[in-house]
Amino acid sequence: MKSEKRVLFLLAASVAVILLVTVLMLFPGKEKPAGAKLPTVKPTKAAQIQNVTAEYNRLAMIKEVDTESGTITLYDLEAGGEVTVSYDVAADIRSKYGSLTYAASLKFGDIVRAEYDGEGHLVRMQLSSEHWELHGVENFSVTDSMLSVNGVNYKITENTVAYCGEERIANGEVKSIDRVELCGKDSELLTIRVMKGHGSIRLVNCGELQGAKVTFGSESHILDGEPTYLVREGSYTVSVAGEEQAAFAEVTVARNEQVVIDLYEYGGAPVQTGEVRFKISPFSAVLRIDGEETDYYERDLVLAYGEHRIEAELGGYASYKAVLNVSRPFQTIKIDLQERTVIDGEDPESGGNSGAGTDNGEEPGQNPDGTGAGESTDRRYVPIGEAGGYDYDRNHSTFLLEPAGAVVLIDGISLGTAPVEFEKILGTYTVTLRKNGNQKEYTVTVEDDGEDVYWKFPMN
């Protein structure tokens, strides 16, 4: 009985479900009226940035690009200070020539034109093409408000950014002995990048060497007290030579560091000297050693070991200036002054190096850094064939035209600085070129073909 009731209940429930489904199909819900407002979707941050209007337009320098957080930190070169802007993957960032690029391609020191809104959202950024640049600047003077290069003055403002490596430094830390790169707009400096900075050398315990000659690099001083010398970063041989004692030290000066040389530690050694005989033609020429006129005729001069500046001159002849390194007991220096040939518009009294050689392979025609002393852009004629014992063509010349300003040596005999003309030497020999601390050697073979020879050598 109970089973029959249960079956009847299940049949009734099934019929009810079928009737409900049928009603829902025959009478669906009402449709949304035409013109009804759809719900709005809040735009993403990226979409918002693309639609903002720039409130700021600044010439700026890149300080940092953080690709993880999507931010770029800038030095504002027009209004001063720093600003950090946000960007998205679709940011309008362009190269100097207008092509699209990526934030990750930007690096510290780049100059850009940046446009952004009041909330710091980047609208557009492009590498600047409106500034000028000067590279490898060494010969300049600087004050708190002005930097001068080749007679041209550039203003240093409170917004000028000076930096070394990727670290900003105070503008006053830039010194005239540094090597720098400059970026500017019109007459104002935007950035000063220090490529080679400076440190200092300090001498202590100098009592017994007071009045001695102090030399390092191309500088020369008289020792007075316990001096500190400002120098460009690099390696130096410091020589302190007195009448009876001397001190020598090899040091490396790092950027913003001071090297202290204790002369009590390095000193005490007797002064080493060498005898030097000068053979100068014409014999009536005046010889100066370290600025002092010296009688050299038919006598040996006793000079302390180390570098000495020598000058030989005579009216009507090209003067000779060089650095002589005395490093052995005896040596002979030959200097042949050449008659000056006046070129239109040239001062007949202006100097240029004459040819010189030595019996012992010395190289008086070079500075300590390898550059020629008393360099001239005039081509000079140097007779070397007979003096050097070479076979040569007396009726023809060799013209070494490039690299201009390089010290030229033939088998160790200095001819001064290029461009230079010399007797056409025949056979095989070595040409050595030195410039800005670099040296290149070329082995050449010259035939007796009755023609002049013209050379242009690369230094790379």
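**Exercises on unusual backbone angles**

Asn256 sits in the loop that joins strand S20 (245-253) to strand S21 (258-262). Let's start there; keep in mind that the model is predicted.

**Exercise 1.** Find the sign of phi at Asn256, and decide whether the residue is buried or exposed.

*Solution.* Begin with the backbone: phi of Asn256 is near 65°, so the sign is positive, in a residue other than glycine. Most residues other than glycine have a negative phi. Next, look at the surface: Asn256 has a relative accessible area of 57%. Exposed means over 50%, so Asn256 is exposed.

**Exercise 2.** Work through Asp186 in a similar way: where does Asp186 lie, what is its phi, and is it buried or exposed?

*Solution.* First, locate the residue: Asp186 belongs to the loop between strand S13 (179-185) and strand S14 (188-196). Then read the angle: its phi is near 55°, a positive value in a residue other than glycine. Last, check accessibility: with a relative accessible area of 63%, Asp186 is exposed.

**Exercise 3.** Now for peptide bonds: is the bond from Ser281 to Pro282 cis or trans, and where is Pro282 found?

*Solution.* Take omega to begin with: the value is near -5°, and the bond from Ser281 to Pro282 is cis. Most peptide bonds are trans. Then place the proline: Pro282 is in the loop linking strand S23 (273-281) and strand S24 (286-289).

**Exercise 4.** Determine whether the bond from Glu402 to Pro403 is cis or trans, and locate Pro403.

*Solution.* Omega is near 5° here, and the bond from Glu402 to Pro403 is cis. Pro403 lies in the loop between strand S32 (392-402) and strand S33 (407-410).

Terms used:
Residues numbered from 1 in each chain as written. Predicted model: local features only at pLDDT ≥ 70, side-chain atom pairs only at ≥ 80, totals over all residues. Heavy atoms only, no water. Helix = DSSP H or I, 4+ residues; strand = E, 2+ residues; numbered from the N terminus. Buried < 20%, exposed > 50% of the residue type's maximum accessible area, 1.4 Å probe, protein only.
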